[in-house]
Amino acid sequence: MLPAGSHPSTVLSSQPTEHVVLLHGVWMRGLTLVPLARRLQAQGFVTHRFDYASLFSGPAPSVDRLASYLIALGPGPVHLVGHSLGGLVALETLASYRGLPPGRVVCLGSPLAGSGAARGLSRHHLSALLGRSGTLLRSGLHELPQGREVGVLAGSRAAGLGRLFNDLDGPGDGTVCVWETQLPGLADHRVLRVSHTGLILSRAVAGLTAEFLRQGRFPR
């Protein structure tokens, strides 16, 4: 039984053995991941939308809840797909807990190296807009969790409110720069002509995500 407060999406009747847990970004809720979830279901995965309080609770309680959620879905494989902040929460969970089910990770526009837009909000004295997730968004991650294949899909269509607070040092999706989505040790990295929100709406992104979850690489 899944932990209270979690909201799994509808599961395919054929009951495929590979689960995918999807995590939304800051200011969003799990409902925004329905298009992506349905496209991954059509690829044969059982999908679950993990809803968490991105503003009021901070990453730590979400990490603990997600770890319990993954264990309940195990023994695996249980893959993770996180949009923006959701990718950081997913990777923080894998780095913080041992013994979780095996699985791959795809981050969609996640600022693994820290978000310039988040730092820009702080400079404008608007860090409260990020709630308790602000620190993680500003600093990003020091390294990737060991023993996990992690792929990143980044956007290069600069259309988003993040442009108001981020100098966008190089190509980006309007909120996160491409270079901010990179860390040493990634299994694969691909840039697509989509915006930050477009990463969860794009058919191409869903197809590439499915292939990485199967193969550990994006198709060329």
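**Close-up views of strand 4 and its surroundings**

**View 1. Strand 4 places buried side chains on both of its sides.** V105 and C107 point one way from the strand, while V106 and L108 point the other way. Each of these four residues is buried. In a regular strand, side chains alternate between the two faces of the sheet. The model shown here and in the other views is predicted.

**View 2. Strand 4 pairs with strand 3 and with strand 5.** Strand 3 and strand 4 run parallel and share 4 bridges. Within this pairing, L80 has V105 of strand 4 as its bridge partner. Strand 4 and strand 5 are also parallel, joined by 4 bridges. Here V106 stands opposite G151 of strand 5.

**View 3. Helix 3 links two strands in a β-α-β unit.** The unit consists of strand 3, helix 3 and strand 4. Its hand is right.

**View 4. L91 contacts residues distant in sequence.** Leaving aside residues up to four places away, L91 touches V105 and C107. It also touches L112, L141, L144, P145 and V150.

**View 5. The largest nonpolar core has 30 residues.** V21, L23, L66, L80, L85, L91 and L112 touch the most other members. At least two core residues come from each of strand 1 (19-23), helix 2 (59-73), strand 3 (78-83), helix 3 (85-96), strand 4 (105-108), helix 5 (134-139) and strand 5 (150-155). Nonpolar side chains tend to be buried together in soluble globular proteins.

**View 6. Another core, of 23 residues, lies apart from the largest one.** Among its members are L33, L153, A210 and F218.

Notes:
Residues are numbered from 1 along each chain as its sequence is written. This is a predicted model: local features need pLDDT of at least 70, side-chain atom pairs count only at pLDDT 80 or more; totals for chains, interfaces and linings use all residues. Side-chain values use heavy atoms; hydrogens and water are left out. A nonpolar core is a set of buried Ala, Val, Leu, Ile, Met, Phe, Trp, Tyr and Cys residues joined through side-chain atoms within 4.5 Å. Buried means under 20% relative accessible area, exposed over 50%, partly exposed in between (1.4 Å probe, protein chains only). Contact means heavy atoms within 4.5 Å. Two strands pair if DSSP finds at least two bridges between them. A crossover is right-handed if, with the strands pointing away from the viewer, the path from the first strand over the helix to the second runs clockwise.
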